Amino acid sequence: MKTFGVVHGRTVELENAPDFPEGQCVEVELLPLAEDPVLTAAQKIRGRFLQRWERRLDLSLHFLREDRQR
């Protein structure tokens, strides 16, 4: 399984929940991502969306609901 996350001190916040039971021991290899200007801009925009909606969403579903309301 491969997933990505953000380091916060000694904690890693994963983008996707792993399919492991709570308390499962795992081995983690940390590799920094190369700075890509497009990826950096996308992460900033994602952060703005998360601030606006104050929760994580499947954004495609949110946009579909907005379109249906119009």
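Which element gives the most to the lining of the largest pocket? Helix H1 does, with 6 residues. The legends below take a friendly tour of this predicted model, starting with that pocket.

**View 1. The largest pocket and its lining.** Here we look into a pocket with a volume of about 1400 Å³. Its lining is made up of 38 residues, and those closest to the centre are Thr-3, Phe-4, Gly-5, Val-12 and Leu-14. Three elements each give two or more residues to this lining: strand E1 (5-8), strand E2 and helix H1. Among these contributors, H1 gives the most.

**View 2. Helix H1 from end to end.** This close-up follows H1 along its 17 residues. The distance from the first C-alpha to the last is 25 Å, close to the 24 Å expected at 1.5 Å a residue. Just after the helix comes Glu-54, and its phi is positive, near 60 degrees. A handy reminder while browsing the helix: an α-helix has 3.6 residues a turn, so residues three or four places apart point the same way.

**View 3. A salt bridge between Glu-15 and Arg-46.** The two side chains meet at 3.5 Å, N to O, and the count of salt bridges in the model comes to 1. The pair links distant parts of the chain, with its partners 31 residues apart. Glu-15 sits in the loop between E2 and H1, while Arg-46 belongs to helix H1. How much of each partner is accessible? Glu-15 has a relative accessible area of 42%, so it counts as partly exposed. Arg-46 is partly exposed too, because its relative accessible area is 34%.

**View 4. A nonpolar patch on the surface.** Eight side chains are worth picking out here: Met-1, Val-7, Val-12, Leu-14, Phe-20, Val-26, Val-28 and Leu-30. Together they have about 790 Å² of accessible area. Two members of the patch, Val-12 and Leu-14, also appeared in View 1 among the residues closest to the pocket centre. Another member, Val-26, lies in the loop between strand E2 (11-14) and helix H1 (37-53). Val-26 counts as exposed because its relative accessibility is 53%, and the cut-off for that class is over 50%.

**View 5. Pro-32 and Val-6.** Is Pro-32 buried or exposed? With 79% relative accessibility, Pro-32 counts as exposed. This proline lies in the loop between E2 and H1. Pro-32 and Val-6 are 26 residues apart in sequence, and their C-alpha atoms are 9.9 Å apart in space.

Conventions. Residues numbered from 1 in each chain as written. Predicted model: local features only at pLDDT ≥ 70, side-chain atom pairs only at ≥ 80, totals over all residues. Heavy atoms only, no water. Patch = residues over 30% accessible without salt bridge, like charges linked within 9 Å, V, L, I, M, F, W, Y side chains within 5 Å. Areas by Shrake-Rupley, 256 points an atom, 1.4 Å probe, with all protein chains shown as cover. Salt bridge = Lys/Arg side-chain N within 4 Å of Asp/Glu carboxyl O. Helix = DSSP H or I, 4+ residues; strand = E, 2+ residues; numbered from the N terminus. Buried < 20%, exposed > 50% of the residue type's maximum accessible area, 1.4 Å probe, protein only. Expected span 1.5 Å × (residues − 1). 1 Å grid on protein atoms, 1.4 Å probe; cavity = no way out; pocket = protein on both sides within 12 Å on 5 of 7 lines; lining within 4 Å. Points joined across faces, edges and corners; volume = space filled by probe spheres on them.
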